[in-house]
Amino acid sequence: MTDSIKNKVVVITGASSGLGEAAARLLAKEGAKLVLGARRLDRLEALAAELSLGKDAIMQTDVTDVGQVRRLVDHAVKTHGRVAVIINNAGLMPHSPLERGKVEDWDRMIDVNIKGVLYGIAAALPHMKTQKSGHIINVSSVAGHKVGPGGAVYAATKHAVRIISEGLRQEVKPYNIRTTIISPGAVATELPDSVTEPDVAQGVRALYDRVAIPADSFARTVVFAMSQPDEVDINEILFRPTAQEY
């Protein structure tokens, strides 16, 4: 167990599966006090039961609703007296060529991938300013560093996460708040299931079947960033499967 993580109050969005679930599992093992949010309450309840978390550890949360995100963070503070870390993890990846005009998919990505991160910042930052401490971890992607055909809007949302996070980093210096961007490559999660175009989904799944690494690889990067001394601010981590070219 990492002493610097034990008893830290950590809020995670998108915690019912994938990266968020993996982070919750490892942080629970490290002794953190978790408050988990996701749309799928049944999955949250099953995870909380498996990890022996109390009923106060979960809350149904849609990150596209700023009120729900604020309620999640406020619940953490009400329950534990503070919030040490928020992991803005919820995300979608419905790739498609722009010429297909998948406007609804574009809107969903913007709402979840960009606004969801902003809403998490808006919910946590006032508490962290008051505390004069905190750590905001935003999940971007390899796609936030480079774009490929069919991934323009997704890459734009993940690049936006990086830009927002860097602006945040500079703004929160007076409040002793740390910021981290984590940009994973192909990690074995349900993210490919969000692709709505069958031919595109087939290609994405083929890539993931070939190179994807376990979600606990992400969880370990979270623990690395969180476990640094207070004066060390790990601002960005980019990682891929060794076999991934993109």
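Me: Which residue in β6 does histidine 135 stand opposite?

Reply: This is a predicted model: local features need pLDDT of at least 70, side-chain atom pairs count only at pLDDT 80 or more, and totals for chains, interfaces and linings use all residues. Numbering starts from 1 along each chain as its sequence is written, and side-chain values use heavy atoms, without hydrogens and water. Strands (E, at least two residues) and helices (H or I, at least four) are DSSP runs, numbered from the N terminus. Opposite histidine 135, in β6, stands arginine 178.

Me: How many bridges join β5 to β6?

Reply: Two strands pair if DSSP finds at least two bridges between them. β5 and β6 (residues 177-184) run parallel. The number of bridges joining them is six.

Me: Which strands stand at the edges of the sheet?

Reply: The sheet is open and has seven strands with parallel pairing, in the order β3-β2-β1-β4-β5-β6-β7. An edge strand has a single partner, so one of its sides is left without a neighbour in the sheet. The two edge strands are β3 (58-60) and β7.

Me: What is the average twist from one strand to the next?

Reply: Angles run from 0 to 180 degrees between N-to-C directions, and axes are lines fitted to C-alpha atoms, for helices over the stretch in contact. From one strand to the next, the twist averages 15 degrees.

Me: What angle does the direction of α4 make with that of β4?

Reply: Start with α1: it packs on the sheet and touches β1, β2, β4, β5 and β6 (contact means heavy atoms within 4.5 Å). The direction of α1 makes about 165 degrees with that of β1. Helix α4 (residues 103-131) packs on the sheet too, touching β4, β5 and β6. Its angle with β4 is about 175 degrees.

Me: In β4, which residue is the bridge partner of isoleucine 12?

Reply: β1 and β4 pair in the parallel sense over three bridges. Both faces of β4 are covered, with Val85 and Ile87 buried on one side and Ile86 and Asn88 buried on the other. The partner of isoleucine 12 is isoleucine 87.

Me: In β5, which residue is the bridge partner of asparagine 88?

Reply: β4 and β5 run parallel and are joined by four bridges. In β5, asparagine 88 has as its bridge partner asparagine 138.

Me: Which element supplies the largest share of the largest nonpolar core?

Reply: A nonpolar core is a set of buried Ala, Val, Leu, Ile, Met, Phe, Trp, Tyr and Cys residues joined through side-chain atoms within 4.5 Å. The largest one has 35 residues, and Val10, Ile12, Leu27, Leu36 and Ile87 have the most contacts inside it. Elements that each supply at least two residues include β1 (9-12), α1 (18-29) and α7 (216-226). The largest share, six residues, comes from α7.

Me: How far apart are the axes of α3 and α4?

Reply: Val66, Val69 and Val73 are among the residues of α3 that meet α4, where the partners include Tyr119, Gly120 and His127. Helix α3 (residues 66-80) packs against α4 at an angle of about 35 degrees. Their axes are separated by 8 Å.

Me: Does leucine 118 count as buried, partly exposed or exposed?

Reply: Leucine 118 lies in helix α4. Buried means under 20% relative accessible area, exposed over 50%, and partly exposed in between, with a 1.4 Å probe and protein chains only. Leucine 118 has 38% relative accessibility, so it counts as partly exposed.
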